[in-house]
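Please work through the exercises below with the sequence and the structure at hand. Each task is followed by a solution in steps.

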Amino acid sequence: MGQFKVLDHPLIQHKLNYIRDKNTGTKEFREIVNEISTLMAYEVSRDMPLKDVTIETPIATTVKKQLSGKKVAIVPILRAGLGMVDGVLSLIPAAKVGHIGMYRDEDTLKPVEYFVKLPADIDQRQIFVVDPMLATGGSAIMAFDALKKRGAKNFKFMCLVAAPEGVKALQDKHPDVDIYAAALDEKLNEDGYIIPGLGDAGDRLFGTK
Ligand code: PRP
Ligand code: URA
C-alpha cells in the first residue's frame with residue numbers, strides 16, 4: 001500500500017489558511033498555491049535517487065552524492081493542477097510537464113477526461129501528479145488510469161486539501177500511489193465539496209465565477 005502523508009510543516013499550515021479564506025483574491029491565491037507547492041515538493045522529493053560523484057574542492061578530492069539524474073515529469077490535472085506546476089518546477093527545473101485535462105460533471109460528480117498529453121518517455125519517468133483537491137477521488141483515479149495505460153509506473157500524488165473519502169477511494173483503486181497532502185479535512189458535503197476546504201480551486205485560481 002502506498003503511503004498517505006500530511007505535510008503539516010508550520011509554514012504550510014500557515015499559508016494554507018490564507019487560501020482557505022474566502023476573502024483571499026485570485027492574485028494572492030495563485031501566489032500562495034505556488035509557495036505551498038514548492039514547500040511540498042521539498043518533502044515529496046526526499047527519496048529521489050542519488051549517485052556517487054567525485055568532486056575536487058580547493059583542498060581535497062572527495063566522493064559525495066548528487067541526484068542520479070532520473071528523469072522527472074510533473075503532471076497537473078487541469079485546470080487547477082496548473083497552479084502547482086511552477087512551485088514544483090522551481091525546485092526541479094529540468095522536469096518535463098505533461099497535462100491531463102479532466103472536469104467533474106456537476107450532477108454526477110464523475111470526472112470527464114478531455115485531454116491527455118504526456119512526455120513520450122513517460123514510462124521512464126518519476127512522475128509527480130499535482131491537483132490541489134482530492135475530493136471524491138474520481139479525478140485522481142482517472143488520471144492514474146490514464147497514466148498507467150501509457151506505461152507509467154513510478155508516481156506520487158500531491159494535493160493541497162484531501163477529503164478522507166478521496167484518500168480511501170484512491171488508495172483502493174491505486175494502492176501503489178503515494179499520496180501527499182497539505183491537509184486532511186473533515187468530509188465532503190452533499191455537492192461533493194470538501195468541508196471546510198477552500199471552495200472551487202479552479203475558479204479561485206483563475207478568477208472564473
Ligand atoms: C477539481 C479539482 C480536482 C477535482 C477533485 O477540478 O481540481 O481535479 O475537482 O474532485 P474529485 O476528487 O471529486 O474528482 P474540477 O472538476 O472543478 O475542474 P477544474 O479544475 O477545471 O475547475
Ligand atoms: N473540487 C474543488 O475544487 N473543490 C472541492 O472542494 C471539491 C472538488
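The exercises that follow concern a predicted model.

**Exercise 1. Describe the surroundings of ligand 1.**

Solution.
Step 1. Begin with the shell: ligand 1 is surrounded by 16 residues. The closest are Arg-104, Asp-131, Thr-136, Gly-137 and Ser-139.
Step 2. Sort the shell by class. Seven of its residues are nonpolar, five are polar and four are charged.
Step 3. Assign the shell to secondary structure. Three residues come from β6, the element that gives the most.
Step 4. Locate the ligand with respect to the protein surface: ligand 1 sits in the largest pocket. Two or more residues of the shell are given by each of β6 (99–104), β9 (133–134) and α4 (138–149).

**Exercise 2. Identify polar atoms of Arg-79, Ala-80 and Gly-137 that lie by an oxygen atom of ligand 1, and state how much of the ligand is covered.**

Solution.
Step 1. Take the side chain first. Arg-79 places a polar side-chain atom 2.9 Å from an oxygen atom of ligand 1.
Step 2. Turn to the backbone. In Ala-80, a backbone N or O atom is 3.1 Å from an oxygen atom of the ligand. For Gly-137, the distance from a polar backbone atom to an oxygen atom of ligand 1 is 2.8 Å.
Step 3. Compare these distances with the cut-off. A polar contact requires N or O atoms within 3.5 Å, and the values of 2.9 Å for Arg-79, 3.1 Å for Ala-80 and 2.8 Å for Gly-137 meet it.
Step 4. Consider the cover. On its own, ligand 1 has 490 Å² of accessible area, of which the protein covers 91%.

**Exercise 3. Which peptide bonds at Arg-79 and Pro-196 are cis, and where do these residues lie?**

Solution.
Step 1. Recall the general expectation: most peptide bonds are trans.
Step 2. Examine Arg-79. The bond that leads to this residue from Leu-78 is cis, with omega near -5 degrees. Arg-79 belongs to the loop between β4 (72–78) and α3 (82–89).
Step 3. Examine Pro-196. The bond joining Ile-195 and Pro-196 is cis, and its omega is about -5 degrees. Pro-196 is located in the loop between β13 and α6 (201–206).

**Exercise 4. Is phi positive or negative at Leu-109 and at Lys-209?**

Solution.
Step 1. Set the background: most residues other than glycine have a negative phi.
Step 2. Read the angles. Phi is positive at Leu-109, near 65 degrees. At Lys-209 phi is also positive, near 80 degrees.
Step 3. Place the residues. Leu-109 is in the loop between β6 and β7 (111–117), whereas Lys-209 is in the segment after α6.

**Exercise 5. Relate the UniProt annotations to the model.**

Solution.
Step 1. Take the binding site. An unreviewed UniProt entry lists Ile-194, Gly-199, Asp-200 and Ala-201 under "binding site". From this set, Ile-194, Gly-199, Asp-200 and Ala-201 are in the lining of the largest pocket.
Step 2. Assign Ile-194, which is part of strand β13 (residues 194–195).
Step 3. Take the domain. The unreviewed entry annotates residues 6–208 as "domain: Phosphoribosyltransferase". This span is 33% helix and 32% strand, and its end C-alpha atoms are 29 Å apart.

**Exercise 6. Where does Asp-47 lie, and with which side chain does its own side chain make a polar contact?**

Solution.
Step 1. Asp-47 is in the loop between α2 (26–44) and β2 (50–56).
Step 2. Its side chain makes a polar contact with that of Lys-156, at 3.2 Å.
Step 3. Asp-47 and His-9 are 38 residues apart along the chain, and 18 Å separates their C-alpha atoms.

Key: Residues are numbered from 1 along each chain as its sequence is written. Chains are lettered from A and ligands numbered from 1 in the order in which they are written. This is a predicted model: local features need pLDDT of at least 70, side-chain atom pairs count only at pLDDT 80 or more; totals for chains, interfaces and linings use all residues. Side-chain values use heavy atoms; hydrogens and water are left out. A residue is near a molecule or strand if one of its heavy atoms lies within 4 Å of it. A polar contact is a pair of N or O atoms within 3.5 Å; within protein, one must be able to donate a hydrogen and the other to accept it, and residues adjacent in sequence count only if both atoms are side-chain atoms. Accessible areas come from the Shrake-Rupley method with a 1.4 Å probe; for residues, only the protein chains shown count as cover. Helices (H or I, at least four residues) and strands (E, at least two) are DSSP runs, numbered from the N terminus. Ala, Val, Leu, Ile, Met, Phe, Trp, Tyr, Cys and Pro count as nonpolar, Asp, Glu, Lys and Arg as charged, and the others, Gly among them, as polar. UniProt positions are given in the numbering used here, feature names are shortened, and annotations may be inferred rather than shown by experiment. On a 1 Å grid over the protein atoms alone, a cavity is a set of points where a 1.4 Å probe fits but cannot get out, and a pocket is an open set with protein on both sides within 12 Å along at least five of seven lines; lining residues have an atom within 4 Å of a point.
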